[in-house]
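Subject: Structure handover

Hello,

Here is the structure I promised to pass on. Please open it before reading the rest.

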Amino acid sequence: MARILKKDEYEAKRNEILSAAQKFVYTKGYEKMSIQDILNELGISKGTFFHYFKSKQAMLDALVERFMDQGEEQIIPIVKDESLPAIEKLKKYFTAAGNWKVKQKDYLISLMRVWYSDDNAIIRQKITNHSTERISPLLSSIVSQGIQEGTFKPSFPDQSGGVALSLIQSLWDRLSLMIISDEQNSESIEEIKNILAAYTDSIEKVLGIPESTLKIINDEIINQWFNFK
């Protein structure tokens with residue numbers, strides 16, 4: 001009879017499998033990664049794998065959920081901070097998100113070329129969908145607070161959080177592709193500044209806040225990503 005695992009033991013092994021899967025998603029791509037890759041990496045049997053995940057698809061869903069949990073951990077304390085006005089919450093949201101990514105800079109840059117390949121189209125789309133479902137309500141909460149405070153005046157209050165998040169995701173995709181491009185030159189910094197200005201202007205209009213209120217990504221973080229001096 002198989003030994004019954006305690007909850008913490010179960011979660012530890014499940015996370016070990018997910019960490020191995022994450023490694024192969026980034027280095028090989030989801031489509032090319034096989035369950036056998038994970039079995040070989042961890043030295044486990046198929047029976048052990050299927051005890052935790054019914055299929056490769058189920059494992060992918062769990063991997064995306066874990067990724068989103070990590071992102072939410074950066075945002076929820078800001079949203080719940082009753083001492084902060086909405087505008088400050090929004091600024092802190094962008095700062096927290098930027099710092100979270102830059103702390104993983106070396107790891108992320110090494111993986112971006114694979115991450116943005118066709119092989120990872122499925123998981124990228126899943127993360128986009130999950131972001132919309134889980135993060136947009138948090139942004140909408142900030143918007144609702146801003147409306148009550150009179151600092152946010154969106155034309156479409158119910159949709160503004162989701163639309164703003166879509167713009168944020170699109171901006172990150174564009175910058176990521178520029179980061180891994182081999183064509184960076186002296187004109188890149190101006191192009192980046194223009195892209196940031198355009199997205200910032202759009203997000204401010206969607207949220208109905210004054211022009212030049214936001215700093216989506218500060219200059220220090222941009223310099224770190226692109227090694228500009």
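My notes follow, from the overall fold down to single residues.

**Overall**

Please keep in mind that this is a predicted model. The protein chain has 229 residues, and 45% of them count as buried. Its secondary structure comes to 11 helices and zero strands. Read along the sequence, the pattern is therefore helix after helix, α-α-α-α-α-α-α-α-α-α-α. The C-alpha trace spans about 65 × 45 × 25 Å along its principal axes. Take the contacts in the chain with a separation of 6 or more: 72% of them join residues 24 or more positions apart.

**Helices α1 and α4**

How do α1 and α4 lie relative to each other? Helix α1 covers residues 7-27 and helix α4 covers residues 56-80. Their axes come within 10 Å and cross at roughly 95°. Angles from 65 to 115 degrees count as roughly perpendicular, and α1 and α4 are therefore roughly perpendicular to each other.

The α1 side of the contact is made by Arg14, Asn15, Leu18, Ser19, Ala21, Gln22, Val25 and Tyr26. On the α4 side are Met59, Ala62, Leu63, Arg66 and Phe67. By class, this contact of α1 with α4 has eight nonpolar, three polar and two charged residues.

**The cavity**

How many cavities of 30 Å³ or more are there? The count comes to one. The largest cavity has a volume of about 60 Å³. Its lining consists of Gln22, Val25, Tyr26, Leu63, Val64, Phe67, Trp115, Ile123 and Ile127. Three helices, α1, α4 and α7 (121-134), each supply at least two residues of that lining. By class, the cavity lining has eight nonpolar, one polar and no charged residues.

Note the link to the helix crossing. Gln22, Val25 and Tyr26 of α1 are part of the contact with α4, and these residues also line the largest cavity. Leu63 and Phe67 of α4 are likewise in the contact and in the cavity lining.

**The pockets**

The largest pocket has a volume of about 1000 Å³. It is lined by 43 residues, and the closest to its centre are Phe67, Trp100, Lys101, Gln169 and Trp172. Phe67 also lines the largest cavity.

Which helices supply at least two residues each to the lining of the largest pocket? They are α1, α4, α5 (86-103), α6 (105-115), α7, α9 (157-179) and α11 (219-226). Helix α9 gives the most, with nine residues. The lining divides into 28 nonpolar, 11 polar and four charged residues.

The second largest pocket has a volume of about 230 Å³. Its lining includes Ile189, Ile192, Lys193, Leu196, Ala197 and Thr200. Lys215, Ile216, Ile217, Asp219, Ile222 and Asn223 line this pocket too. The elements that give two or more residues here are α10 (188-207) and α11. The largest share, six residues, comes from α10. By class, the lining of the second largest pocket has seven nonpolar, two polar and three charged residues. Helix α11 gives at least two residues to the lining of the largest pocket and two or more to that of the second largest.

**Three residues to look at**

Start with Glu72, in helix α4. Is Glu72 buried or exposed? Its relative accessible area is 15%. Buried means under 20%, so Glu72 is buried. Leaving out residues up to four places away in sequence, Glu72 touches Pro77, Arg134, Ile135 and Leu138.

Next is Ile75, also placed in helix α4. At 9% relative accessibility, Ile75 counts as buried. With residues up to four places away in sequence left out, Ile75 touches Tyr93, Ile135 and Leu138. Ile135 and Leu138 are thus touched by Glu72 and by Ile75. Ser45 is 30 residues from Ile75 along the chain, and their C-alpha atoms are separated by 38 Å.

Last is Ser176, in helix α9. Ser176 counts as buried, at 0% relative accessibility. Not counting residues up to four places away in sequence, Ser176 touches Met112 and Tyr116. Tyr116 is 60 residues apart from Ser176 along the chain, and the two C-alpha atoms are separated by 8.7 Å.

Best wishes

Technical notes: Residues are numbered from 1 along each chain as its sequence is written. This is a predicted model: local features need pLDDT of at least 70, side-chain atom pairs count only at pLDDT 80 or more; totals for chains, interfaces and linings use all residues. Side-chain values use heavy atoms; hydrogens and water are left out. Axes are lines fitted to C-alpha atoms, for helices over the stretch in contact, and angles run from 0 to 180 degrees between N-to-C directions. Helices (H or I, at least four residues) and strands (E, at least two) are DSSP runs, numbered from the N terminus. Angles under 35 degrees count as roughly parallel, over 145 as roughly antiparallel, 65 to 115 as roughly perpendicular and the rest as oblique. Contact means heavy atoms within 4.5 Å. Ala, Val, Leu, Ile, Met, Phe, Trp, Tyr, Cys and Pro count as nonpolar, Asp, Glu, Lys and Arg as charged, and the others, Gly among them, as polar. On a 1 Å grid over the protein atoms alone, a cavity is a set of points where a 1.4 Å probe fits but cannot get out, and a pocket is an open set with protein on both sides within 12 Å along at least five of seven lines; lining residues have an atom within 4 Å of a point. Grid points are joined across faces, edges and corners, and a volume is the space filled by probe spheres set on the points. Buried means under 20% relative accessible area, exposed over 50%, partly exposed in between (1.4 Å probe, protein chains only).
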